[in-house]
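Biologist: Could you put the structure up, so we can go through the ligand site and the charged pairs together?

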Amino acid sequence: MSESGTNPQREALLGELAGRVGDERVLEAIAAVPREAFVPEDVRGEAWGNHPLPIGHGQTISQPLIVARMCELLELRGDERVLDVGTGRGYHAAVLARLAAEVVSIERDATLSSHARDALAAAGVANVTLVVGDGWEGHPPRAPYDAVNVAAAAPDVPPALTEQLADGGRLIIPTGGRRQWLVRVRRRGDTLERSRLDEVRFVPLVAGASNDAT
Ligand code: SAH
């Protein structure tokens, strides 16, 4: 892990992102979060490749470009409270944590959430609160959120998530089935402005909390 500063894969990735992501704070966050801490040991050598990686339990961590793009679309300035749905191993949450004041991250699989807890501690990330539960319902106790990030695809935007969005807040979610697109929702008072953006490919947002049988 200590070699990240001289890792050619890391340098190549940062160069590639610099041409495609305009928000400097997002580029700095991607450069600063040690991605190798957030992937399983057997794929650690590929941690800085610009492609998705398996994180166990049939789940994948998105390619860094998509994480960067989603963060950019949330327009974070540093003082926000963010809800992150689908913690996985916590990489996306760690990047969001550098861009906002606090992150509440919810995951249905308790084992993945505990891996995320270890990785966030190892990376020294202190402003992420992990919750095990059903992300379809968001996390009402800490609402409203200035930004909501969803890292799994749903047929449509879960209503609980837009209900928990603060006035002026932004939500980003992959929607669809076989073909999926990122959708951004911006709340202005009682109005929800919605735009369909990049085509993407995500694992599905599963209905209901897990019994963590795996
Ligand atoms: N953001 C993660 C990767 C997300 S993969 C990372 O950076 O590592 C999608 C995650 O969403 C999986 O871990 C999956 O278990 C979780 N998930 C799926 N349905 C969910 C639901 N209803 N509530 C909470 N988490 C869910």
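What follows is a short round of questions and answers on the ligand shell and the salt bridges.

Modeller: Before we start: this is a predicted model, where local features need pLDDT of at least 70, side-chain atom pairs count only at pLDDT 80 or more, and totals for chains, interfaces and linings use all residues. Residues are numbered from 1 along each chain as its sequence is written, and side-chain values use heavy atoms, with hydrogens and water left out.

Biologist: How many residues surround the ligand?

Modeller: A residue is near a molecule if one of its heavy atoms lies within 4 Å of it. The closest ones are Gly86, Glu107, Asp134, Gly135 and Val206. Sorted by type (Ala, Val, Leu, Ile, Met, Phe, Trp, Tyr, Cys and Pro are nonpolar; Asp, Glu, Lys and Arg charged; the others, Gly among them, polar), the shell splits into 11 nonpolar, 9 polar and 4 charged. The full shell has 24 residues.

Biologist: Which residue has a side-chain N or O atom 2.6 Å from an oxygen atom of the ligand?

Modeller: I'm using polar contacts here, meaning N or O pairs within 3.5 Å; within protein, one atom must be able to donate a hydrogen and the other to accept it, and residues adjacent in sequence count only if both atoms are side-chain atoms. Histidine 92 uses a polar backbone atom, 3.0 Å from a ligand oxygen, and a backbone N or O atom of arginine 108 sits 3.2 Å from a ligand nitrogen. The side-chain contact at 2.6 Å belongs to glutamate 107.

Biologist: How much of the ligand's accessible area does the protein cover?

Modeller: Areas come from the Shrake-Rupley method with a 1.4 Å probe; for residues, only the protein chains shown count as cover. On its own the ligand has 580 Å² of accessible area. The protein covers 98% of that.

Biologist: Which element gives the most to the shell around the ligand?

Modeller: Elements are DSSP runs numbered from the N terminus: helices (H or I) of at least four residues, strands (E) of at least two. Those giving two or more residues are strand S2 (59-61), helix H4 (91-99) and strand S4 (102-107). With 3 residues, the top contributor is S2.

Biologist: How many of H4's residues are buried?

Modeller: Buried means under 20% relative accessible area, exposed over 50%, and partly exposed in between (1.4 Å probe, protein chains only). Among the buried ones are Tyr91, His92 and Leu99. The helix is mostly covered, and the count is 8 of 9.

Biologist: Which residue forms a salt bridge with arginine 69, with the closest N and O atoms 2.7 Å apart?

Modeller: A salt bridge needs a side-chain nitrogen of Lys or Arg within 4 Å of a carboxyl oxygen of Asp or Glu, and the count comes to 12. Arginine 69 also belongs to a salt-bridge network with Glu72 and Asp198. The partner at 2.7 Å is aspartate 198.

Biologist: How far apart in sequence are arginine 142 and glutamate 102?

Modeller: Their side chains meet in a salt bridge at 2.5 Å, N to O. Arginine 142 lies in the loop between strand S5 (128-132) and strand S6 (145-150) and glutamate 102 in strand S4, so the pair ties together parts separated in sequence by 40 residues.
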